[in-house]
Amino acid sequence: MLTDNRIYPGQYNAALLEECLTQEEISSPLLLYSELASTNTTAKELAARGVPSGSAVLAESQSAGRGRLGRSFFSPKGGGIYLSIVLRPPREEAAILRLTTAVCVAVCAAVSRITGIHTDIKWVNDIYLHEKKLCGILCEGVVNSNGTLDAVVAGIGINVERHASEFPAELAHTACALYESDAPTGIREALLAAILREVTDCTNTLLDGSYLPEYRRRSMLLGREVVLMNRRPDDPNTAVTALAIDIDDLGGLVVQYSDGTRESLHTGEVTVRVK
Ligand code: BTN
């Protein structure tokens, strides 16, 4: 059923991609589109129709790529990977709460294994390279008619090859790609397959949290003064300064305020204070 839908846009080398998927022992369906509104939307539709865990949707570009907090995600043709993976993680609350942070570690591991490039994580869902955003991750739940969580779609947008001048003005100083030009041949295919492998496998670490030490090691906020925005849904605009001191066992950010009190944050956005 799924394979009938797939096309191989010019940007991906079909033969190479098949080879990389085989090497990573990926057997779940992967659908490729030249353009979608959002791979997360399509993957959520597929998840609701019962596709197995590990099924994935890939687009060459997105016309309405989205990020957290209702933001749009820059998703032009060429140079980026826009991928959504259907996951059916354990139902325990701890597993669901940890999912976004586990996917971050999985993507970092894939980037490191394929490119040798070390990346950092900005809590909660962003991957950074040299203090600029390289990749955003958006995990969205799929709820069935009984109101229970059926699946989670992990959406991953990563800039593979893009020169600084190719980002829109509002991203020019804050976003980056793995390669400014001339990414090695086949790197997108290899990276895509490795991300599929690592992200699918990371669901095995959700119950014991064994990925958390790596998340902490890669956390670029720890020990730094941060400005917290959107801490409360009813008060999105108040900015509060705090010291980021730890990542707790559920992937929350532990901060210390100027009066010495501590809090674990599980939602919201953290912005690093620029000195
Ligand atoms: C963020 O920066 O807040 C998260 C961005 C997530 C972007 C990816 S691209 C593939 C998938 N489809 C989407 O519409 N969003 C995610």
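Begin by selecting D246 in this predicted model: its relative accessibility is 32%, so D246 counts as partly exposed. Next, add R216, whose side chain meets that of D246 in a salt bridge (3.6 Å, N to O). The pair links distant parts of the chain, with R216 in helix α5 (residues 212–218) and D246 in strand β9 (residues 240–247), 30 residues apart. R216 counts as partly exposed because its relative accessibility is 24%.

Proceed to R188 and E60, whose side chains form a salt bridge at 3.2 Å, N to O. Here R188 of helix α4 is joined to E60 of strand β2 (residues 56–62), 128 residues away along the chain. The relative accessible area of R188 is 8%, so R188 is buried; E60 is also buried, at 0%.

A third pair to display is K44 and E140, with a salt bridge of 3.9 Å, N to O. K44 lies in helix α2 (residues 39–48) and E140 in strand β6 (residues 132–143), 96 residues apart. The structure holds 12 salt bridges. Select also E24, R113 and E198, which are linked in a network of salt bridges.

Finally, turn to helix α1 (residues 14–23), where L17, C20 and L21 are buried. Viewed down the axis of α1, the buried residues fall within an arc of 100 degrees, so they line one face of the helix. The covering of these residues includes β1 (30–36) and α4 (187–202). On the face turned away from the buried side, select the exposed residues A15, T22 and Q23. At the N-terminal end of α1, N13 acts as a cap, with a side-chain oxygen 3.1 Å from the backbone nitrogen of A15. Just after α1, E25 adopts a positive phi of about 55 degrees.

Methods:
Residues are numbered from 1 along each chain as its sequence is written. This is a predicted model: local features need pLDDT of at least 70, side-chain atom pairs count only at pLDDT 80 or more; totals for chains, interfaces and linings use all residues. Side-chain values use heavy atoms; hydrogens and water are left out. Buried means under 20% relative accessible area, exposed over 50%, partly exposed in between (1.4 Å probe, protein chains only). Helices (H or I, at least four residues) and strands (E, at least two) are DSSP runs, numbered from the N terminus. The arc is that of the directions from the helix axis to the C-beta atoms. Contact means heavy atoms within 4.5 Å. A polar contact is a pair of N or O atoms within 3.5 Å; within protein, one must be able to donate a hydrogen and the other to accept it, and residues adjacent in sequence count only if both atoms are side-chain atoms. A salt bridge is a side-chain nitrogen of Lys or Arg within 4 Å of a carboxyl oxygen of Asp or Glu.
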